[in-house]
Amino acid sequence: MSARLITEKEILDARKIPTLAFLGTSTFEELKPEMHERYKTRVAGSFDEEGRLNAVATNLALNMMLDGRAVPCGGIASVASRAEMRGRGNVREILTYWLRDMLANHWPLTYLYPFSYEFYRKFGYELCCQETRVKDAGLEMIVPFKQSLRVVMYEPGMPKETEFSLGIRACYERFVAGQNVALKRADAHWEKLFLNPYESRAYLYAALDSAGNICGYAAVKLQPHEFLSSHEFMKHAVLYELAYENRAALESLLAVIRSLGAQISKINIILPPGVLPEAILSPYRDVRLDIASVGMGRVVDVPAALHGLRAGTDSGSLTIRPVDGILPENDRTFRVKWTDARVCDVQETGDAPDLTAPIGRLTQLVFGFRSARDLAMCADVVMTDIARAQQLFPGKTTMMWDHF
């Protein structure tokens, strides 16, 4: 078998395989120009000796935040294979193709949403982000904050709509600058946010400071709930994005959300980084929390991923040895040096490693999802100097709001 980009004449077959794999339905209407271009440039397939397409996977060109920098990242999506051809290495063939392609094009990172964490660990991916979700909270449980700032709801055609849109985007960019894993959003990522509230029952609220600049926003939508009867269909909501630049913005937005209690009986809240449930909900003892895993990452190019990384001390060095069974280019020993709290040099060395870890564990360290001290007791990690490893990998905040 072999893997390659699909051709124009293979697009229909490439669309059929995910439909079958995910047990969906489709009339295979003509694709929009942008989707047609994606199939020609970002979809690869695994072909048998007779040229039959047996599996496909998309690799999206993304930019991921890593220590305040936007880093090229491949977003693996729509991985699908024919049921009768599973277990024969088709997906491995495609993922290896895309990993080598990303390495050749200097994309240091890749990310995906797995159907199985164990399956993708075989290819070097590892859990790199979790979020805390408040489940089925009554709106009266939100602390009755004072709305000290003006809050405006988005509507298509509103006065200064363009300025409003740009303000929301700028607020997001400032908010995620300190959060690893978050995407630097392209235009397509904003489609889910700027919706007509009269058609979608999705509401976007922005908090404005005294100068009229957006300093926070909240996105909430009504949704059905599996335990509610049909006439209560729209009595459940989810607060799925909450970005803020100061306490006044956070409290003003939550004050508006709480005021929806007359229309909404229960709400789920995806807590943003830095917000503890007990800080915004009372009585806290009645709050139901879920910790949700939201994707897996992988380092594709070890030196490129490490270069520019923010360390926990001003200067130092560490010798690391990643173990990568897919990309032998990474399966070497590197001396990592940092000055001014940033990695400035990564070179291959013959010295004994201070840290040896599978590429998935190294990915957790690079993303900041785990610190060196967190991983010190893992059976697949060897550290000869935990304190020095902690200086390079102190652990950081991760978040991911965008599914692809």
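Reader: Which residue's face does arginine 185 lie over?

Author: Happy to start there, keeping in mind that this is a predicted model. A charge counts as sitting over a ring if CZ of Arg is within 6 Å of the ring centre and within 35 degrees of the ring normal. Arginine 185 is 4.1 Å from the ring centre in question, and that ring belongs to tyrosine 172.

Reader: Over which other ring does the charged end of arginine 185 sit?

Author: Here the distance to the ring centre is 4.7 Å. The ring belongs to tryptophan 190.

Reader: How are the rings of tyrosine 172 and tryptophan 190 arranged?

Author: Good one to work through! The whole structure holds 16 aromatic pairs. For tyrosine 172 and tryptophan 190, the ring centres are 5.4 Å apart and the planes meet at 85°. Planes over 60 degrees apart count as edge-to-face, so this pair is edge-to-face.

Reader: How many residues apart in sequence are the parts that this pair ties together?

Author: Let's place each partner. Tyrosine 172 lies in helix α5 (residues 161–176), while tryptophan 190 lies in the loop between α5 and α6 (197–200). The pair therefore ties together parts whose separation in sequence is 18 residues.

Reader: Is tyrosine 172 buried or exposed, and what about tryptophan 190?

Author: The cut-off helps here, as buried means under 20% relative accessible area. Tyrosine 172 has 0%, and tryptophan 190 has 2%. Tyrosine 172 is therefore buried, and tryptophan 190 is likewise buried.

Reader: Which residues do ring pairs link into a cluster?

Author: Tyrosine 172 and tryptophan 190 have company, since ring pairs link them into a cluster. Its members are Tyr154, Phe164, Tyr172, Phe175, Trp190, Phe194, Tyr244 and Trp401.

Reader: Now for helices: is α1 roughly parallel or roughly perpendicular to α2?

Author: Helix α1 covers residues 11–21 and helix α2 covers residues 33–42, and their axes are 11 Å apart. The angle between them is about 90°. Angles of 65 to 115 degrees count as roughly perpendicular, so α1 is to α2 roughly perpendicular.

Reader: How do the residues of the contact of α1 with α2 divide into nonpolar, polar and charged?

Author: From α1 come Ile11, Ala14 and Arg15, and from α2 come His36, Tyr39 and Lys40. Sorted by type, they give three nonpolar, one polar and two charged.

Reader: How many residues of helix α10 are buried?

Author: Helix α10 runs over residues 359–367 and is mostly covered. Among its buried residues are Ile359, Leu362 and Phe367. Of the nine residues, the number buried is eight.

Reader: Is lysine 221 buried or partly exposed?

Author: Lysine 221 sits in strand β10 (residues 214–223). Its contacts, not counting residues up to four places away in sequence, include Ala202, His236 and Tyr240. At 34% relative accessibility, falling between the 20% and 50% cut-offs, lysine 221 counts as partly exposed.

Reader: What is the distance between the C-alpha atoms of lysine 221 and alanine 202?

Author: Along the chain, these two residues are 19 residues apart. In space, their C-alpha atoms are separated by 4.1 Å.

Reader: Where is alanine 341, and is alanine 341 buried or exposed?

Author: Alanine 341 has a positive phi of about 65° although it is not a glycine. Its place is in the loop between β16 (334–339) and β17 (342–348). With 18% relative accessibility, under the 20% cut-off, alanine 341 counts as buried.

Note on methods: Residues are numbered from 1 along each chain as its sequence is written. This is a predicted model: local features need pLDDT of at least 70, side-chain atom pairs count only at pLDDT 80 or more; totals for chains, interfaces and linings use all residues. Side-chain values use heavy atoms; hydrogens and water are left out. Axes are lines fitted to C-alpha atoms, for helices over the stretch in contact, and angles run from 0 to 180 degrees between N-to-C directions. Helices (H or I, at least four residues) and strands (E, at least two) are DSSP runs, numbered from the N terminus. Angles under 35 degrees count as roughly parallel, over 145 as roughly antiparallel, 65 to 115 as roughly perpendicular and the rest as oblique. Contact means heavy atoms within 4.5 Å. Ala, Val, Leu, Ile, Met, Phe, Trp, Tyr, Cys and Pro count as nonpolar, Asp, Glu, Lys and Arg as charged, and the others, Gly among them, as polar. Rings of Phe, Tyr and Trp (its six-membered ring) pair if their centres lie within 6.5 Å; planes under 30 degrees apart count as stacked, over 60 as edge-to-face and the rest as tilted. Buried means under 20% relative accessible area, exposed over 50%, partly exposed in between (1.4 Å probe, protein chains only).
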